[in-house]
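Student: Could we go through this one together? I'd like to know what stands behind each label we put on it.

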Amino acid sequence: MESTGRERRLRRLWGPTSGRTVLMPIDQPVTMGPIAGLDAIDSQLVRLLAGAPNGIIGHRGVLRRVPAEVARSTGVVMHLSAGTALSGRGHVKTLTGDVVEAVRIGADAVSAQVTFGVPEETDMLRDLAQLAGACAQWGMPLLAMVYVAGVDPTAAPEKIAHAARAAAELGSDIVKVPYTGSADSFATVVDGCFAPVVMAGGEPSDSWEDVLLDVKDALSAGAAGVCIGRKVQQHAAPEAALADLHALVHANNPG
Ligand SMILES: O=C(CO)COP(=O)(O)O
C-alpha cells in the first residue's frame, strides 16, 4: 500500500485515543537566536521531554541532541525551512534539507513554513509543493506552518483561513496556524481546511490562564491540537504547562 509509511508515521504524532496532538516546536532559535527558554537547550530539552509532548519539531542540529531513548516515545518532526531575523526578513524561509535526510534520521514528519503576503510567497509555495511531492514519494507526512505577514489574525481570520486552505491544497497533512482570537473565527479556519489544524503559540503572554482559555476555544472549534513553543518554554514550570495542555487536548481521552 503506497500510503502505509505515511499513515504509520502520522499515527505516532497523535494521541492514540484522543486523536489530537501536543506538539513542541524548538526550531525558533534559527530565526531568533538563543532566546530565553531555548538558550540552555540540553537542560531545557530534558524538561520539555519530561512533559511528554506527542511530537517535537526542530532543525537537524537540535534533533541530534534529543536522547535516543526519548525519540522512541516522542514523535520527531524535522523542520526543513529557515530564515533569520538578522536578515531583517526572518519570515522569508528557504529550504534547508530534504525528505531523504528526514527518512535517514527516522523522522515521523517534516515541516516547513510558508509566509503568505510577501513577495517571496511564490518561492515558499513552490518549496512547499516540491516538499509535498517528495513526501508523497517517501511516505512522509508534511506539516505546514502558515503565517500571513502584516496581518493581525484576530482582525482578519479569513486570511488565515485562506492560507491554511492553500497549504492543505498543496498537500500538507497538518497545518499550523496562529490563533484567530475566538472559537467562532477559528471554526472558519478549521472548517475551511480539510487537513487537521493545530494552533500555534506566538509571543509569551502575561497570563498562562488566558493561553489555556484560547486553547480550550480552539479545541471547541475543532482544532486537532496545539503547537505552542515559547509560552511553554518561558513558563516558570514548562513540565506543568505541558501537563495543562495535555489535560485540555487529550481531555477525558488520555494520550
Ligand atoms: O511552531 C512554532 C515555531 O515554529 C511556534 O512557536 P512559538 O509558540 O514560540 O511561536
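Student: What makes a residue part of the ligand's surroundings here?
Tutor: The ligand is surrounded by Pro 25, Asp 27, Gln 28, Met 145, Lys 176, Gly 201, Gly 202, Cys 227, Ile 228, Gly 229 and Arg 230. Being near a molecule means having a heavy atom within 4 Å of it. Keep in mind that this is a predicted model, where local features need pLDDT of at least 70, side-chain atom pairs count only at pLDDT 80 or more, and totals for chains, interfaces and linings use all residues. Numbering runs from 1 along each chain as its sequence is written, and side-chain values use heavy atoms, with hydrogens and water left out.

Student: Which of these shell residues count as charged, and how many are there?
Tutor: Asp, Glu, Lys and Arg count as charged, and the shell has 3 charged residues next to 4 nonpolar and 4 polar ones.

Student: Why is the link between Asp 173 and Arg 6 called a polar contact?
Tutor: The term needs a pair of N or O atoms within 3.5 Å, and within protein one must be able to donate a hydrogen and the other to accept it; residues adjacent in sequence count only if both atoms are side-chain atoms. The side chains of Asp 173 and Arg 6 make theirs at 2.7 Å.

Student: And why does Asp 173 count as buried?
Tutor: Its relative accessibility is 11%, and buried means under 20% relative accessible area (exposed is over 50%, partly exposed in between; 1.4 Å probe, protein chains only). So Asp 173 counts as buried.
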